[in-house]
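Colleague: I would like to learn how to read burial, strand pairing and aromatic contacts in a model. Could you take me through them with an example?

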Amino acid sequence: QVQLVESGGGLVQAGSSLRLSCAASGRTFSSFMGWFRQAPGKEREFVARIYWNTGSTIYANSAKGRFTISRDNAKNTVYLQMNSLKPEDTAVYYCAADRTAQFTGAYWGQGTQVTVSS
C-alpha cells in the first residue's frame with residue numbers, strides 16, 4: 001500500500017503562484033508520480049508526471065510553461081509549482097503514484113482544492 005497526502009491548495013488571485021506537495025509513505029516503489037485535476041462538472045485530467053528514477057517530466061499542454069513538477073527523493077515528496085494561475089486552473093488537484101506512466105492502477109491522494117479568482 002502507498003499513502004499519498006497532498007497539501008498546499010488554497011484560494012488565490014489570477015496571476016498568483018501556489019506550490020502543491022504530495023508526501024508518499026508506505027511501500028513506495030512506484031516509478032511514476034503524477035498530478036491530475038478535476039474541475040466541477042468535468043472529468044479528471046492529467047496535469048504532469050515525473051519518472052522517479054531519472055526525474056524526467058511530461059506536462060499537459062495547459063501546464064507547459066507555467067507548472068513545474070519536481071521531486072525530493074529524501075523526503076519521498078513530489079511538488080507541483082504553479083505560476084501565473086488562471087481561473088480555469090480551479091480544480092481539485094490529486095496526486096497519483098503508479099508503476100506505469102498510464103496510471104491505470106494508481107494509488108491516489110485525497111485531493112487538495114485550488115481556487116483561482118479573477
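Modeller: Gladly! Let's begin with accessibility: buried means under 20% relative accessible area, exposed over 50%, and partly exposed in between, using a 1.4 Å probe and protein chains only. With a relative accessible area of 26%, F46 is therefore partly exposed, whereas F36, at 10%, counts as buried. A note on the source: this is a predicted model, where local features need pLDDT of at least 70, side-chain atom pairs count only at pLDDT 80 or more, and totals for chains, interfaces and linings use all residues. Residues are numbered from 1 along each chain as its sequence is written, and side-chain values use heavy atoms, leaving out hydrogens and water.

Colleague: How many residues of strand β9 are buried?

Modeller: Strands here are DSSP runs of E, at least two residues long, numbered from the N terminus. In β9 (residues 91–98), seven of the eight residues are buried, so the strand is largely enclosed by the rest of the structure.

Colleague: Which strand pairs with β9 over seven bridges?

Modeller: Two strands pair if DSSP finds at least two bridges between them. Strand β4 (residues 32–38) is the partner over seven bridges, in the antiparallel sense, and Q38 has V92 as its bridge partner in β9. β9 also pairs antiparallel with β11 (residues 112–117), over three bridges; there, V92 is matched with Q113. Two bridges join β9 to β10 (residues 107–108), again antiparallel, with W108 as the bridge partner of A96.

Colleague: And how should I read ring contacts?

Modeller: A pair of aromatic rings is described by the distance of the centres and the angle of the planes. Rings of Phe, Tyr and Trp (its six-membered ring) pair if their centres lie within 6.5 Å; planes under 30 degrees apart are stacked, over 60 edge-to-face, and the rest tilted. The whole structure has four such pairs. F36 and F46 have centres 5.7 Å apart and planes at 75°, so they are edge-to-face. F36 and F103 are also edge-to-face, at 5.3 Å centre to centre and 80° between the planes. Since F36 lies in β4 and F103 in the loop between β9 and β10, this pair ties together parts 67 residues apart in sequence.

Colleague: Which residues do ring pairs link into a cluster?

Modeller: F36, F46, F103 and W108. F103 also has a positive phi of about 55° although it is not a glycine.

Colleague: Where does the charged end of R44 sit?

Modeller: A charge sits over a ring if NZ of Lys or CZ of Arg is within 6 Å of the ring centre and within 35 degrees of the ring normal. R44 has its charged end over the ring of W108, 3.8 Å from the centre, and over that of Y94, at 4.9 Å.

Conventions
Helices (H or I, at least four residues) and strands (E, at least two) are DSSP runs, numbered from the N terminus.
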